[in-house]
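Here is a short report for a reader meeting this structure for the first time. Look it over first, then read on.

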Amino acid sequence: MALILSRDDVQRCLTMPEAIEAMGVAFRALSSGLVHVPQRSASNLPDNGVVLLMSSLLQTTEPPAIGIKVITVMPGNSLRNLPRSYASLLLLDAQSGKTLAIMEGGWLTALRTGAASGFATALLARKDAHVLALFGAGVQAPMQVLAMHTVRPLSEVRVVNQNDDHYQQLVATLQTALGTTCPPIYRAATSREALAGATLVACATASTTPLFSWREVAPGTHMNAIGAFTPEMCEVDAETLAHAHIVVDQREAAFIEAGDLLQALASKHITGPNTWTEIGELALGKVPGRQAEDEITVFKSVGVAVQDVAAAWQVYANARSKGIGIEIEV
């Protein structure tokens, strides 16, 4: 019997600490060769829509698991009063091919993306880091804050964004999620104001130009840059990257999609992927992490399908143990 899990079911079955732990499973397996991740495929749809297909085999679960995620991005949905994007994930037993679960994938994607930043922050940020400069206040922004607050309790969050409604929604979401433990949240007028003395940075925008300059970055800063996932996009400027220890989720994916890195590579500010560290290598102890208190570290993530599988597996295990979801024969 397979489980059908709604968005509400998924939310009840995966906490941020569990998701961060699942990202450790995913990235260690990825850098150990225990994962098969084809590049994502895209097919155009009418009215400038697109359907994306992401799949991965994760061999460290018992039994090994396959995840297949389908995402539709439909710009015309704004006229239909519908969400711009939908996502669903199919979880399979890789030994028998049996369907284990079908679950809503939008919230799962948002949570695992934030959790990846939390995992990187735990490995790379200074132990005394507690002030966060957050660029962007969209769907991913609260996940970035929740993840980083989990591993480095925050004393202050400074937000740089353009849309006032999005900022107000971000504040409300974080206050509801964190309650009395929610740190003070402010809106910074400029990147310089946000970055002054902040040693944690999260970039979650759709920008095509850098969000700040190298001279504004405080010594010892750790950055999570998750917004630029096409060659044309860019959040972190080339000079900052030239001074940073660059860590990626996967070299191959970053070399195809990470606009920040590709543009810095083209301008010869940085060298090729062989000089970038994979987060899984860091987690496995194959390479060192932060080397000095004043070192700049950047985790550049474009998202890898194995993250979805690891998170979905934890959701499935928790749903089974809690009796959540609808069982069907498929």
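How much space lies in the largest pocket? About 1700 Å³. This is a predicted model: local features need pLDDT of at least 70, side-chain atom pairs count only at pLDDT 80 or more, and totals for chains, interfaces and linings use all residues. Residues are numbered from 1 along each chain as its sequence is written, and side-chain values use heavy atoms, with hydrogens and water left out.

## Pocket and cavity

The terms come first. The search uses a 1 Å grid over the protein atoms alone. A pocket is an open set of points with protein on both sides within 12 Å along at least five of seven lines. A cavity is a set of points where a 1.4 Å probe fits but cannot get out. Lining residues have an atom within 4 Å of a point. Grid points are joined across faces, edges and corners, and a volume is the space filled by probe spheres set on the points.

The largest pocket is lined by 48 residues. Closest to its centre are Arg84, Ser85, Val139, Gln140 and Phe229. Helix 3 gives the most to this lining, with six residues. Strand 4, strand 5, strand 6 (85-93), helix 3 and helix 8 (251-257) each supply at least two. Helices (H or I, at least four residues) and strands (E, at least two) are DSSP runs, numbered from the N terminus.

The structure also holds one cavity of 30 Å³ or more. The largest cavity has about 80 Å³ of space. Its lining includes Val37, Pro38, Gln39 and Arg40. Gln250, Ala253 and Glu257 are also among the lining residues.

The table sorts both linings by class. Ala, Val, Leu, Ile, Met, Phe, Trp, Tyr, Cys and Pro count as nonpolar, Asp, Glu, Lys and Arg as charged, and the others, Gly among them, as polar.

| Lining | Nonpolar | Polar | Charged |
|---|---|---|---|
| Largest pocket | 24 residues | 17 residues | seven residues |
| Largest cavity | six residues | three residues | two residues |

## Strands and sheets

Strands of a sheet pair through backbone hydrogen bonds, either parallel or antiparallel. Here, two strands pair if DSSP finds at least two bridges between them.

An open sheet of eight strands has the order 10-9-8-11-12-15-13-14, with parallel pairing. Its edge strands are strand 10 (185-187) and strand 14 (277-278), each pairing on one side only. Within the sheet, strand 11 (residues 200-203) pairs with strand 12 (residues 222-225) over four bridges, in the parallel sense. Cysteine 203 stands opposite alanine 225 in strand 12.

Strand 1 (residues 2-5) has pairings of both senses. With strand 16 (residues 326-328) the pairing is antiparallel, over three bridges. There, isoleucine 4 stands opposite isoleucine 326. Three bridges also join strand 1 to strand 7 (residues 99-104), and these two run parallel. Leucine 3 stands opposite alanine 101 in strand 7.

## Helix 11

Helix 11 covers residues 305-322. How far apart are its end C-alpha atoms? They are 26 Å apart, which agrees with the 26 Å that its 18 residues should span at 1.5 Å a residue. The expected span is 1.5 Å times one less than the number of residues.

Buried means under 20% relative accessible area, exposed over 50%, and partly exposed in between (1.4 Å probe, protein chains only). In helix 11, 13 of the 18 residues are buried, so it is largely enclosed by the rest of the structure. Just after the helix, glycine 323 takes a positive phi of about 70°.

## Loops

Alanine 125 is in the loop between helix 3 (106-124) and strand 8 (131-135). At 6% relative accessibility, alanine 125 counts as buried. Contact means heavy atoms within 4.5 Å. Leaving aside neighbours within four places in sequence, alanine 125 is in contact with Ala120, Arg152, Leu200, His222 and Arg290.

Two other loop residues have positive phi. Asparagine 48 lies between strand 3 (41-45) and strand 4. Its phi is near 65°, a positive value in a residue other than glycine. Buried or exposed is asparagine 48? At 71% relative accessibility, asparagine 48 counts as exposed. Lysine 268 is in the loop between helix 9 (259-266) and strand 14. Phi of lysine 268 is also near 65°, and at 74% relative accessibility this residue counts as exposed.

One more loop joins strand 4 (49-58) to strand 5 (65-73), and proline 63 lies in it. The peptide bond from glutamate 62 to proline 63 is cis, with omega near 0°.
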